[in-house]
Amino acid sequence: MRTRKNYNLIIGGSITAIVCAVTIVGFFWTPYAPDAQDLLARTQAPSLLHLLGTDNLGRDIFSRVLTGAGNSIVIAAATVLIGLVFGLLIGGLTGYFGGWADAILMRICDTVTSFPSVLLALVLIGIMGPGKTNVIVALGILFIPSFARIARGEVARCRALDYVQSARLMGVSHARIIFVHIQPNTMPVMLSTIAIGFNNAVLAEASLSYLGIGVQPPEASLGRMLSEAQGYLFIAPWYALGTGIFIVLLILGFGLLGEGLSRREGRR
């Protein structure tokens with residue numbers, strides 16, 4: 001029987017690899033300084049000098065897209081890392097031991113996930129204040145429940161398996177069983193969650209920056225660049241086009257990658 005190709009995984013992985021490679025280049029090199037202004041070159045159309053044109057302050061849009069994409073990926077990575085670490089910890093303990101702690105923590109997770117994440121992020125950032133660090137903390141907190149629920153389900157499934165029972169009979173500690181014997185076997189499932197988490201984190205960061213409470217100027221942000229481009233859609237449509245395409249590629253790449261990883265895991 002022929003195995004069907006996982007096109008979501010292939011296409012998503014390819015888009016993600018290309019976008020990430022371009023973004024990594026932006027960490028070390030950009031054609032112009034992202035914040036360098038040239039008021040004599042405002043809203044210029046794309047050309048060999050400025051591949052994506054210039055904005056209303058004469059800044060090179062391509063350079064700012066590279067820098068803004070780098071900020072988005074750094075924030076997404078930090079957000080997912082917070083959600084993953086604390087989610088594995090909470091999910092591992094609740095899935096293994098169960099009991100009243102499991103019931104209470106899962107109800108808290110259900111409550112948090114029942115609200116739109118951007119709305120809760122607005123509340124948290126309203127308390128902490130805008131800025132890159134606070135966006136990471138706020139989104140990281142909101143990502144913990146989704147990772148915790150998936151980790152809990154996988155740990156609860158694995159705790160009755162033979163190798164876990166054998167470890168118990170050998171006197172292995174609970175902490176070693178959870179974090180050394182069980183959780184490494186949950187990572188194939190967690191990989192798709194991580195990819196989808198990246199997708200959601202990029203979208204959430206762009207939304208918050210678009211609203212003006214994410215990455216603060218003069219630092220480049222894809223969401224803020226879209227917000228700034230609103231007033232120039234008919235005068236300089238390229239202002240929003242390059243930024244919008246890059247956001248779409250980021251979200252599409254990680255989204256397809258997560259879907260592809262989920263399908264691959266479902267076939268096992």
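**A walk through an all-helix chain**

Right after helix 2 comes Gly98, a residue with a positive phi, near 65°. Keep in mind that you're looking at a predicted model here. Helix 2 itself covers residues 61-97, which makes 37 residues. From its first C-alpha to its last, helix 2 reaches 53 Å, close to the 54 Å expected at 1.5 Å a residue.

Now zoom out. The protein chain has ten helices and zero strands, so reading from the N terminus you get α-α-α-α-α-α-α-α-α-α. Lay a box along the principal axes, and the C-alpha atoms of the chain fill roughly 75 × 55 × 30 Å.

Next stop, helix 5, which runs over residues 132-158. Its 27 residues reach 38 Å from first C-alpha to last, close to the expected 39 Å. Where does helix 5 bend? Look at Phe143: the helix bends there by about 30°, and a proline, Pro145, follows within four residues.

Finally, have a look at how two of the helices meet. Two packed helices are described by the angle between their axes and the distance between those axes. For helix 8 (residues 187-210) and helix 9 (residues 222-229), the axes come within 6 Å and cross at roughly 45°. Helix 8 and helix 9 are therefore oblique to each other, and their crossing is right-handed. On the helix 8 side, the contact is made by Ala206, Ser209 and Tyr210; helix 9 brings Gly223, Arg224, Leu226 and Ser227. Sort the residues of this contact by character and you get three nonpolar, three polar and one charged.

Conventions
Residues numbered from 1 in each chain as written. Predicted model: local features only at pLDDT ≥ 70, side-chain atom pairs only at ≥ 80, totals over all residues. Heavy atoms only, no water. Axes fitted to C-alpha atoms, helices over the stretch in contact; angles between N-to-C directions. Helix = DSSP H or I, 4+ residues; strand = E, 2+ residues; numbered from the N terminus. Parallel < 35°, antiparallel > 145°, perpendicular 65-115°, else oblique. Left-handed = near helix turned anticlockwise from the far one by under 90°. Contact = heavy atoms within 4.5 Å. Nonpolar A, V, L, I, M, F, W, Y, C, P; charged D, E, K, R; others polar. Expected span 1.5 Å × (residues − 1). Bend = angle between axes of the 7 residues up to and from the residue.
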